[in-house]
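User: I'm new to this structure and would like a close look at one part of it. Could you walk me through the cysteines and how they pair up?

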Amino acid sequence: MTNNKVIDAVVVGAGFAGMYTLYRMLGAGFSARVFEAGDNVGGTWYWNRYPGARCDVESMEYSYSFDEDLQQKWNWSERYATQPELLKYANHVADNFKLRPHISFNTRVVSAHYDESSATWLVTTDQGEEIRTRFCIMATGCLSSVNQPDFEGIANFKGNTYHTGQWPHEGVDFTGRRVGIIGTGSSSIQSIPLIAEQAKELTVFQRTANFSVPAHNQDLDDNYVEEVKGDYGAFREENRQMHGGFGARRPKHEDSIWDADDETIQNRLEERWALGGLGFTGAFADLGLSVEANNIAAEFIREKIRGMVDDPEVAELLCPNGIVGCKRLCVDTNYYATYNRDNVSLVDVSEHPVDRLTDKGIVTNNTEYEFDDIIFATGFDAMTGTLLKIDIRGKDGLTLQEKWEAGPRTYLGLSTYGFPNLFTISGPGSPSVLSNMILTIEQHVNWIMDCLGYMRDGQVASIEANLDAEDAWVNQGNEFANMTLMPMCNSWYLGANVPGKPRVFMPFVGGIPLYFETCDKVAANNYEGFTLNTG
Ligand code: NAP
């Protein structure tokens, strides 16, 4: 079905980014269609329904700020919102702002081809629809393509298989079942304690031990909520001044670990442990910059693990060797203590990988483990996976796959040379996954909307990142990343978790204040680094 009308924008995805884009587009008088693969809104919180799924950024911070009424009236129940509560919130936003009529659900965008002569994109969907649009806005999320390892014999397994990132909507009852779970990242660390309570036996296959700190989740304190809501605008602004866009009202430390004596170091790390959450790595300014400083924090966590896990051999296996915060720090509730249960066991697959699946279970190191259910908690083809699955072709038929063959290249994480009028929200090269995502989504959408308004006022037909601006941005991003310890491990930030993926550090590590300031300057200087054509 082809529609000859040219609309202003196609937005891909109806998660928090797609919904806010749609809201702003409609408010500014632009025509927009949103396409969403799922049958409802919510993005990451629509797909990741595994037991224990909850956000690791606090709920008063991980929420939209664009509407005062919304932020005043919505009541979060816990310090960290659960997946069901976040999904309820997403649905509330869709209903409250009457977004649904503009969203096509159960519809996947399969291609987007740019036509230079008309400065428009032709977008096609798996429902056979063709839409011509001036702008393509990719609100596809950073963790939306699952990483499913291609284990030999996977089709032979007679039991049920699940991926944490594509969890059945009706839930899964593991009561009385023998369950195997592969992977020990955030998804696994959140779900293991709850699955262990249900399953007859739970066997965890660990390739790399991860650092995890306690969430200390709790019901939200009414006084705290009242204080924040008393001036929510100020609270949001304070968080915008934070490196990651969150944590403004918690204790901050900017001193070096080398200026502190042993007692101060121990007390500080204990204080952070007691506080719970991602702020642990903020105990001293140099934990993310110096291996020696980081190792003090790493050893502190290892000692905590040894204190929580009864069996010393299991405890040692659970102790990570690497750098705290190099892979995304995990935030848990009762993860380590779960290994003290009689029905939970740990299998180290670091030296002898998962060899194959059989009809009965998993084989590693010549041993077959039998299961009723196998869970793949094996993560995502992060940041670029979903974008590269769409057949995106820019000027001269250049595909995004070709352009990003050696890793993603963008200007500000918002745009890529050769692909005019295409914007990526939370794209590679932006703070994205290293930030409070909703805050940076709002900033990206606001920037794009200002840009679209500027183009409308000036009758500009197309905007395209310049190659030199893009190169400079990529180089600067790499320089920032190399100043930190973050490129030193096999993380998904680097694409190292997906076989064959180019090893490039993808998110911008320079922090929110610098990033926002740079974007503002680019806009204030008439979109410096971009070419605007009145065509
Ligand atoms: P992940 O962090 O990438 O973890 C995947 C796990 O699977 C790793 O332990 C990995 O081992 C293992 N794995 C992958 N392939 C394997 C193979 N072939 N054999 C054995 N093990 C294999 O994925 P995730 O846990 O889904 O988390 C991804 C991100 O989503 C998080 O970092 C976070 O940003 C986000 N997330 C957030 C929350 C939250 O807000 N609380 C919750 C869940 C997820 P290796 O380490 O050896 O590669």
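Analyst: Here's a walk through the disulfide bonding, followed by a couple of cysteines that stay out of it. Keep in mind that this is a predicted model.

Let's start with the count: there is one disulfide here. The partners are cysteine 326 and cysteine 489, with 2.2 Å from S to S. Look along the S-S bond and you'll find an angle of -110°, which makes the link between cysteine 326 and cysteine 489 left-handed. Where do these two sit? Cysteine 326 is in the loop between α10 and β11 (330–332), while cysteine 489 is in the loop between α14 (467–483) and α15 (512–524), so the bond ties together parts that lie 163 residues apart in sequence. As for exposure, cysteine 326 and cysteine 489 are both buried.

Now for two cysteines that have no such partner. Take cysteine 319: the closest cysteine sulfur belongs to cysteine 330, and it is 14 Å away, too far for a bond, because a disulfide calls for sulfur atoms within 2.5 Å. Cysteine 319 is buried too, at a relative accessible area of 7%.

Cysteine 519 tells a similar story. Its sulfur has cysteine 451 as the closest cysteine neighbour, but the 11 Å between the sulfurs is too far for a bond. Cysteine 519 is buried as well, and its relative accessible area is 0%.

So, to pull it together: the one disulfide runs between cysteine 326 and cysteine 489, whereas cysteine 319 and cysteine 519 are each too far from the closest cysteine sulfur to bond.

Conventions:
Residues numbered from 1 in each chain as written. Predicted model: local features only at pLDDT ≥ 70, side-chain atom pairs only at ≥ 80, totals over all residues. Heavy atoms only, no water. Helix = DSSP H or I, 4+ residues; strand = E, 2+ residues; numbered from the N terminus. Buried < 20%, exposed > 50% of the residue type's maximum accessible area, 1.4 Å probe, protein only.
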